[in-house]
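Visitor: I am new to reading protein structures. Could you take me through this one, step by step?

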Amino acid sequence: MIRNQKRSVSLTVTRFDQLPQTYLGIGPVAPEAVKYYANEADFSVKTIADDCYQITGLSAVKRKKLRANLPLTLIPIAGTTDWKQVNENSITSPINVAI
């Protein structure tokens, strides 16, 4: 075991399902009903076709609210997760490692 006497830093852990992401929303819902729950501060909605929407920046809380109030099937679009920017060298303290 390697032990470091310096104080280590705490790292934050984010669950992947809690990150904002773009979804394809499919269901018999009027565009006005979907847009009622959207604004640019929370997420945005773009109509793709009848009963099909691109919903950008949808957080877990807003996703839950949409599902509770509208008959929408939400499909996550790969590669659209909104990751927070992190400095390249965000860890400045050595990390304790046990092998």
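Guide: Start with a definition. A residue is buried under 20% relative accessible area, exposed over 50%, and partly exposed in between. Keep in mind that this is a predicted model.

Visitor: Is Asp-51 buried, exposed or partly exposed?
Guide: Asp-51 sits in the loop between β2 and β3. Its relative accessibility is 35%. That value falls between the cut-offs of 20% and 50%. Therefore Asp-51 counts as partly exposed.

Visitor: What is the phi of Asp-51 near?
Guide: Most residues other than glycine have a negative phi. Asp-51 is a residue other than glycine, yet its phi is positive. The hairpin of β2 and β3 has two residues between the strands. In that hairpin, the phi of Asp-51 is near 60°.

Visitor: What pattern does the protein chain follow along the sequence?
Guide: Begin with the parts: there are two helices and four strands in the protein chain. Now read them along the sequence. The pattern is β-α-β-β-α-β.

Visitor: What is the order of the strands in the sheet?
Guide: Strands of a sheet pair through backbone hydrogen bonds, either parallel or antiparallel. Here the pairing is antiparallel, and the sheet is open, with four strands. Their order is β2-β3-β1-β4.

Visitor: Which are the edge strands?
Guide: Look again at the order, β2-β3-β1-β4. An edge strand of this sheet pairs on one side only. That description fits β2 and β4.

Visitor: How many bridges join β2 to β3?
Guide: Strand β2 covers residues 44-49, and strand β3 covers residues 52-58. Some partners can be named. Ser-44 has Thr-56 as its bridge partner in β3, and Thr-47 stands opposite Tyr-53. The number of bridges joining β2 to β3 is five.

Visitor: And how many bridges do β1 and β4 pair over?
Guide: Take β1 and its partners in turn. With β3, β1 pairs over five bridges, in the antiparallel sense. Gly-25 stands opposite Tyr-53 in β3 and opposite Leu-74 in β4. The pairing of β1 and β4, also antiparallel, runs over four bridges.

Visitor: Which strands does α2 touch as it packs on the sheet?
Guide: The direction of α2 makes about 150° with that of β3. Strands are also part of what covers the buried residues of α2. The strands that α2 touches are β1, β3 and β4.

Visitor: Why do the buried residues of α2 lie on the same side?
Guide: An α-helix has 3.6 residues a turn, so residues three or four places apart point the same way. In α2, residues 60-69, the buried ones are Ala-60, Lys-62, Arg-63 and Leu-66. They are on the same side because the arc they cover around the axis is only 160°. On the other side are the exposed residues Val-61, Lys-64 and Ala-68.

Visitor: Which element gives the most to the largest nonpolar core?
Guide: In soluble globular proteins, nonpolar side chains tend to be buried together. The largest nonpolar core here has 14 residues, and Val-34, Phe-43, Ile-55 and Leu-72 touch the most other members. Ile-55 also has contacts with residues including Gln-21, Thr-22 and Leu-66. The element that gives the most, with three residues, is β3.

Visitor: Is Thr-22 buried or exposed?
Guide: Thr-22 lies in strand β1, residues 21-26. Among the residues it touches are Ile-55, Thr-56, Ile-75 and Pro-76. Its relative accessible area is 8%, and the cut-off is 20%. So Thr-22 is buried.

Visitor: Is Trp-83 buried or exposed?
Guide: Trp-83 lies in the segment after β4. Leaving out residues up to four places away in sequence, Trp-83 touches Phe-16 and Leu-19. Its relative accessibility is 58%, and the cut-off is 50%. So Trp-83 counts as exposed.

Visitor: What distance separates the C-alpha atoms of Trp-83 and Phe-16?
Guide: Along the chain, these two are 67 residues apart. Contacts across the sequence account for much here: of those with a separation of 6 or more, 69% join residues 24 or more positions apart. For Trp-83 and Phe-16, the C-alpha separation is 9.4 Å.

Key: Residues numbered from 1 in each chain as written. Predicted model: local features only at pLDDT ≥ 70, side-chain atom pairs only at ≥ 80, totals over all residues. Heavy atoms only, no water. Pairing = 2+ DSSP bridges. Buried < 20%, exposed > 50% of the residue type's maximum accessible area, 1.4 Å probe, protein only. Contact = heavy atoms within 4.5 Å. Arc of directions from axis to C-beta. Core = buried A, V, L, I, M, F, W, Y, C linked by side-chain atoms within 4.5 Å. Axes fitted to C-alpha atoms, helices over the stretch in contact; angles between N-to-C directions.
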